[in-house]
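This report walks through one structure for a reader who has not met it before. Please keep the sequence and the 3D view at hand while reading.

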Amino acid sequence: MSSISRTLKHAAAVLFAVSEWGAFAANVELLNVSYDPTRELYQEFNAAFAKQWEAKTGDKVTIRQSHGGSGKQARTVIDGLTADVVTLALGYDIDEISARAKLLPAGWQKRLPHNSAPYTSTIVFLVRKGNPKHIKDWDDVAKPGISVITPNPKTSGGARWNYLAAWGYALKNYGNDEAKAREFVAKIYKNVPVLDSGARGSTTTFVERGIGDVLLAWENEAFLAVRELGPAKVDIVVPSISILTEPPVTLVDKVADKHGTRKVALAYLEYLYSEEGQDIAGRNFYRPTDAMIAAKYAAQFPRINLFRIDEVFGGWQKAQKAHFADGGVFDQIYQK
Amino acid sequence: MNPLRLRTVAGALAASFIMTSSYALAEDDISQLKQQVDELDQKIRVLQRQRELEKEAAEEKQKETPTVSSGKDGFWIRSADNAYQIRIGGIIQFDSHWYPDKTAPIGGTADTLILRKVRPVLEGVFLQNIGFRLMPDFGNGTTVLQDAYVELKLDKAANIRAGKFKPPISLERLVLDSETEFVERGLPTNLAPNRDIGIQLGGSVLADTLSYQVGVFNGVTDNSTADADTNDAKDYLGRIFAEPFRNGSSWLSGLGIGIAYAYGVQQGTVTASNLATYKTVGQQNFFVFSTGAFADGERQKIAPQFYYYVGSFGLLGEYIGSRQKVTRAVNQKSEFDSKAWQVNGYWVVTGEDASFRNPNPRRPYAGTNPGLGAVELVVRYGVQTIDDSAFAGSATTRLADPNASARQARDAGIGVNWYFNRNFKVQLNYDQTDFDGGGPGGTDLRSEKAIFTRIQANF
């Protein structure tokens, strides 16, 4: 069939022309599923990374952000939200994604420096201007008549850090007496009039709705509130003891591989450790892990006696099981 | 001291004491009241916030509730996250075929009303990337399983489909059965399979400007459907289709061009030839292989194709060349060539955009808003040619009888389509097919004139 042969030759020419399109630069899209208060941090960081990535590779990368309570966000990923990377409030939530959805290996936390936490933070108090209720430390938060705003530890990573900070303070203050610590934390939660699902919701409750005397807040969230509202509206109070929070980040391997985004997603996470990434973290009131950048922002952060979760609770798995699992201590002490 | 003055002074002192006491009392009350107001204010704010949170929680819960919906695309049941979806749909086509010229042999068929397609459709998606489709057909008084396949949607660039479906050869064949612009497809589909069983990898890349399919199929007789193979060999198909300007807004954005190729081996017998009978668009035979001829070896097809849509106008064209090894008498294996092409033109008179899908009426006919819908004029011209060698040889060796089968059919057709809405349309076609050969004594078959109508509901 000579006519067919001729047509095949023409088809080959068309194919060759089509193959030329492969020279186009790629447009890549990433989804970063994060926790509540990181909106501003990642807005700035995403723009910086996209610029750097395009300069380096010629590819355009668009990063979509999703924010909510950390535990809630982890569940949406488990239920099928196709996150290329997760940047959550605590390691337990990422462990859950690994264990339940098998989207990333169990040893994910060892893949990046500092246990995959490129920045840290802690828990502080945000009070009304002039601190009219004279709240200076955790004991004041537990006093009757003090209205305390904190989110729900069942859905919010920040709330779990708040709870554990209070518990850790009580243990240190009452000679590691678990019963007294439980009683102390129960008093605090008796003062909580409303539980939001995430840290940003609690900030809204305290700042915009004008509810409560004190907000238990991420340090970065407290600084942000002061910056947004101005120092005439709220004050930050630093307790004598608090917890070192280490919000981790990781690649969601199976999703990234399916999307073909592993390389750019990894570069995205690694860029958080770069000089620029660390600087952006510092500017957004997160404590950089890089010593040089941390020194640059040292004056910004108050000195606090911080303890790690491993030291007091034996790690997230134990803390979760004892305190936040269904029927755990939190369920027992918080009965509304 | 004057007693009067003393009383006056005492009175003044008493009044002053009473006033001071009253003021002190009022200040305490105000302070107490202020505290109560603050407490009440906090309680009200807490209640308001709790209502807000309850509303947010209710909205979140709503997002997790499965939904049942119905609309122009059928009836859907979806899980809240859309990971599980089932659609129930269907097509009913009520056609009429009229042949004004009753001169035998072409045109000798009785005028008839038929249910051309009666197809319930069940399709769905599980876990967001596992799809399926099931579509039997009860039209024409028979029961045929048209589509039955599962699909693994790995990625936009890589979908695996396995089961029974349309092999990707003819462009007009790939038009959805509910969306054909003519009541019956044109001559090139004589040379392409209808449905076949196989497995196919397909997808789109380069920002959807290039789509492809490659697959392995049983290999059915042209223009037919089958549920099992008759020999061990399989057909291998590939197709690419490019729309290089689809993401722009230029006048070329509606241009698509592609090519398909198929290779396989067909093996028939004297009693089961595995060879097709070619039909006019009026659905009457104009080429029939001689008794005893059967498919006996390699079959190849090549099918360049294109469409172009700009505004209310559209063109669709394709060519299919087919070569099949055929045997009639012992040791008389020969190559049988046939080729067909056609060009269809569309104009949506009411101004809607023309596309590979039916136009979407701007003013659809609906119960509450009886718009006129969309009207489209269509025209086509197509030719199918059988290689002269098919008619060579003696009465016992030739592949076809030149006094009964035509060497060429040329179809010219016009039509008007009235789309009431996305779910209901009425079509009217007139086609005339002229022939070379096929008549007694080397004459040409008398032209076929066919008027076809269709009333279709699909959902």
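## Helix α16

In this predicted model, helix α16 of chain A (residues 316-324) has as its buried residues A:Trp316, A:Ala319, A:Gln320, A:His323 and A:Phe324, where buried means under 20% relative accessible area, exposed over 50% and partly exposed in between, with a 1.4 Å probe and protein chains only. Because they cover an arc of only 100 degrees around the axis, they lie on the same side of α16(A), the arc being that of the directions from the helix axis to the C-beta atoms. A:Lys318 and A:Lys321, on the other side of α16(A), are exposed.

The cover over the buried residues of α16(A) includes α4, α7, α15 (309-313) and α17 (329-333) of chain A; contact here means heavy atoms within 4.5 Å. Helices (H or I, at least four residues) and strands (E, at least two) are DSSP runs numbered from the N terminus.

## Basis of the model

Residues are numbered from 1 along each chain as its sequence is written, while chains are lettered from A and ligands numbered from 1 in the order in which they are written. As this is a predicted model, local features need pLDDT of at least 70 and side-chain atom pairs count only at pLDDT 80 or more, whereas totals for chains, interfaces and linings use all residues, and side-chain values use heavy atoms, with hydrogens and water left out.

## The sheet

In chain A, four strands in the order β2-β1-β3-β9 form an open sheet with mixed pairing; two strands pair if DSSP finds at least two bridges between them. Its edge strands, each pairing on one side only, are β2 (60-68) and β9 (249-251) of chain A.

Strand β1 (residues 27-35) of chain A pairs with strand β3 (residues 85-87) of chain A in the parallel sense over three bridges, and A:Asn32 stands opposite A:Val85 in β3(A).

## Helix α3

Within helix α3 (residues 70-78) of chain A, the residues A:Ser70, A:Gly71, A:Gln73, A:Ala74 and A:Val77 are buried. They span an arc of only 160 degrees around the axis, which puts them on the same side of α3(A).

The buried residues of α3(A) pack against β1, β2 and β3 of chain A, as well as against α4 (91-101) and α7 (157-173) of chain A. Just after α3(A), A:Gly80 adopts a positive phi of about 125 degrees.
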